[in-house]
Amino acid sequence: RQQFPIIDQAIAKVEDLRNSIANFGMGALKLIGLAVLTKSLIDLGAEAVNVYRRFEGIFIASRMVGNGAQYLEKVREQTKALGGDLESTMRSAIQFSTALTGTNLESTGQQLFLDSDKALKSLGLQTQEYDNAMRAIIQISSKGKVSMEEISGQLGEQVPGALQIAADAMQTNVKGLIQMVSSGNLLSDVS
């Protein structure tokens, strides 16, 4: 072999290259494994947070609403009777009760939610429409003042004729309702 040192050098370089490629491949595999493990841990953490939030909402509702378990059972029974997505309805019930905490409507919040839920479900809304309309009702209830943005915008986009329905409830016409809202004197938290 000493007769052909150039061949020995070439063989050594090829072996070095093979070792470098093998080391690079092992390093790359380790990085890919680490990335997959990291993503799995992130996904697991996100799922744990989602589960915690679901249970946290139920616990919050049961603490804040007084007889929370009975209230949630009424919500479940009404959803079963009227139809609709149970998870969405329960989430809205919890948000509604939480939003009314500390307002003049807190003591009647359970019945207000059940009535609002029944009214929206009677319109045959899809789950997303129901969620959006209920979000508008929750915002109106929790702010203490009614705004045209919620009635004609958020609620009006989901509930056809929302302005007329609100005007009828206030025993006025749409023009009269707009004037009441514009004056800033139409409160949503008067019990």
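In which helix is Ser-92 found? The answer is helix α3, and that helix is a handy way into the rest of the chain. The structure is a predicted model, in which local features need pLDDT of at least 70 and side-chain atom pairs count only at pLDDT 80 or more, while totals for chains, interfaces and linings use all residues. Residues are numbered from 1 along each chain as its sequence is written, and side-chain values use heavy atoms, with hydrogens and water left out.

The overall picture comes first. The protein chain has 8 helices and 0 strands; both kinds of element are DSSP runs numbered from the N terminus, helices being H or I over at least four residues and strands being E over at least two. Reading along the sequence gives the pattern α-α-α-α-α-α-α-α. Of the 191 residues, 28% count as buried, a label that stands for under 20% relative accessible area, with exposed meaning over 50% and partly exposed in between (1.4 Å probe, protein chains only). As for contacts, meaning heavy atoms within 4.5 Å, those with a separation of 6 or more were sorted by distance along the chain: residues 24 or more positions apart account for 53% of them.

Back to α3, which spans residues 86–100. Ser-92 is buried, with a relative accessible area of 4%. Leaving aside residues up to four places away in sequence, Ser-92 touches Phe-113, Tyr-130, Asp-131, Met-134 and Ile-138. Ser-88 sits in α3 too, and this serine is buried with a relative accessible area of 1%. With the same kind of sequence neighbours left out, up to four places away, Ser-88 touches Thr-127, Tyr-130 and Asp-131.

How do α3 and α5 cross? Their axes come within 9 Å and cross at roughly 10°; such axes are lines fitted to C-alpha atoms, for helices over the stretch in contact, and the angles run from 0 to 180 degrees between N-to-C directions. That angle makes α3 roughly parallel to α5, given that angles under 35 degrees count as roughly parallel, over 145 as roughly antiparallel, 65 to 115 as roughly perpendicular and the rest as oblique. Residues making this contact include Ser-88, Ser-92, Phe-96 and Leu-100 of α3, and Thr-127, Tyr-130, Met-134 and Ile-138 of α5.

Helix α5 (residues 127–143) also meets α6, their axes coming within 7 Å and crossing at roughly 155°. The two helices are therefore roughly antiparallel to each other. The contact is made by residues including Ala-133, Ala-136, Ile-137 and Ile-140 of α5, and Ile-151, Gln-154 and Leu-155 of α6.

Next along, α6 packs against α7 at an angle of about 130°, with the axes 9 Å apart. That makes α6 oblique to α7. On the α6 side the contact is made by Met-148, Ile-151, Ser-152, Leu-155 and Gly-156, and on the α7 side by Ala-162, Leu-163 and Ala-166.

Then there is α8 (residues 174–183), whose buried residues are Gly-176, Leu-177 and Val-181. Seen down the helix axis, they fall within an arc of 135°, so they line one face of α8; the arc is that of the directions from the helix axis to the C-beta atoms. As a rule, an α-helix has 3.6 residues a turn, so residues three or four places apart point the same way. On the other side of α8, Lys-175, Gln-179 and Ser-182 are exposed. The cover over the buried residues of α8 includes α6 (148–158) and α7 (162–169). At the start of α8, a side-chain oxygen of Asn-173 reaches to within 3.3 Å of the backbone nitrogen of Lys-175. After α8 comes Gly-184, with a positive phi near 80°.

Two residues from other helices round things off. Leu-72, in helix α2 (residues 68–82), is buried with a relative accessible area of 9%. The C-alpha atoms of Leu-72 and Met-90 are separated by 7.2 Å, although the two residues are 18 apart along the chain. Lys-118 is found in helix α4 (residues 109–122). From C-alpha to C-alpha, Lys-118 and Thr-79 are 8.7 Å apart in space and 39 residues apart in sequence. Lys-118 also touches Gln-78 and Leu-82, again not counting residues up to four places away in sequence.

How values were computed. Polar contact = N/O pair within 3.5 Å; in protein donor to acceptor, adjacent residues only side chain to side chain.
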